[in-house]
Amino acid sequence: MDAFMTITGRNLKIYLRDKSAIFFSLLSMVIVIGLMVFFLGDMNVEAITQMLETMPDRDKAADKEKAELLILAWTCAGILSINGVTVSMAAYSVMIKDRVSGKLNSIYTAPVSRLTITAGYMAAAWIASIIICALTLALTELYCMTAGMEPFDFMTHVKLMGMIVVNSFTYAALMYLIAMLAKTEGAWSSMGTIIGTLVGFLGGIYIPIGALSETIGSIMKCTPIIYGAAMFRDTMTEDILQDTLGDLPAQWIEEYRLAMGIDLTVFSHKIHMAQELLLLMISGMICLVIGVCILKYGKKKDR
């Protein structure tokens with residue numbers, strides 16, 4: 001246990017000392033908010049206001065303001081989801097650098113099992129993701145509050161932190177599998193660019209799932225990313241969505257939630273938040289088991 005804690009602490013300190021790594025971990029948050037503020041947000045706000053205009057005696061200015069807050073909360077929820085991917089990936093740059101520089105081989109010669117060393121890298125990525133995502137939650141909530149949204153209550157914060165822990169675990173395990181494929185820092189950087197771009201689409205961050213074809217939507221539902229985004233959206237938009245769309249017919253609200261990826265259906269079955277959490281945990285455990293199996297095969301191969 002002491003060796004595990006030492007390795008984890010060492011990897012975490014190296015990552016947190018690297019200011020550029022932390023900056024690029026948070027860069028996706030800035031990019032997504034920028035896209036929503038200057039380009040994509042207006043389309044989503046307009047879709048809401050058009051629905052509300054069908055109801056009599058509406059205050060258009062108030063409706064637009066609430067619609068903007070709803071889309072802002074929806075956007076911030078998506079950011080929390082994809083940060084679990086980008087931060088975990090950035091944290092594994094420590095392992096890639098150790099491998100390229102030859103330090104990893106030196107670490108393997110220590111009287112510590114490979115499983116403990118690997119667990120140290122994974123735990124560091126998991127903890128780093130939790131820390132940065134918690135910071136992201138604080139920053140995005142503060143941004144929403146300055147825009148006029150009410151702060152989340154205590155129980156909502158507890159739920160969100162639980163989601164962050166599970167979401168971060170899933171991607172810490174998944175990114176480890178991908179990190180095992182990278183042999184150079186250049187390859188890892190290229191993978192980061194591709195994955196960082198792809199995750200925004202797979203999570204329905206740039207384009208809502210309802211605006212895509214059924215085939216693309218089905219592909220998105222085969223990845224854990226969309227389920228993580230959905231559970232964050234369900235929690236973070238709960239109050240503002242009711243405040244904005246509460247006067248609309250229930251069927252319209254249900255269709256909107258499906259179109260925006262707040263609710264998801266698989267084989268015509270609505271997926272609830274507990275099921276989304278379970279899917280993420282199962283995905284993380286599967287990746288963890290595969291990683292351990294590959295590690296054991298690698299040990300035999302090296303002998």
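**Notebook: contacts, core and overall form**

I looked up Tyr15 and listed its contacts (heavy atoms within 4.5 Å). Leaving out residues up to four places away in sequence, Tyr15 touches Ala21, Ile22, Ser25, Val87, Ala90, Ala91, Val94, Ala128 and Ile132.

I note that this is a predicted model, where local features need pLDDT of at least 70 and side-chain atom pairs count only at pLDDT 80 or more, while totals for chains, interfaces and linings use all residues. Residues are numbered from 1 along each chain as its sequence is written, and side-chain values use heavy atoms, with hydrogens and water left out.

Next I checked the largest nonpolar core (buried Ala, Val, Leu, Ile, Met, Phe, Trp, Tyr and Cys joined through side-chain atoms within 4.5 Å). It has 90 residues, and Tyr15, Tyr92, Leu245 and Tyr256 touch the most other members. Helix H3 (residues 60-91) gives this core its largest share, 17 residues.

I then counted 13 helices and 2 strands in the protein; these are DSSP runs, numbered from the N terminus, with helices (H or I) of at least four residues and strands (E) of at least two.

For burial I used under 20% relative accessible area with a 1.4 Å probe, protein chains only. Buried residues are 47% of the 303 in the protein.

I looked at contact separation last. Among contacts in the protein with a separation of 6 or more, 80% are between residues 24 or more positions apart. The C-alpha atoms fill a box of roughly 75 × 40 × 35 Å along the principal axes.

Definitions and conventions. Buried < 20%, exposed > 50% of the residue type's maximum accessible area, 1.4 Å probe, protein only.
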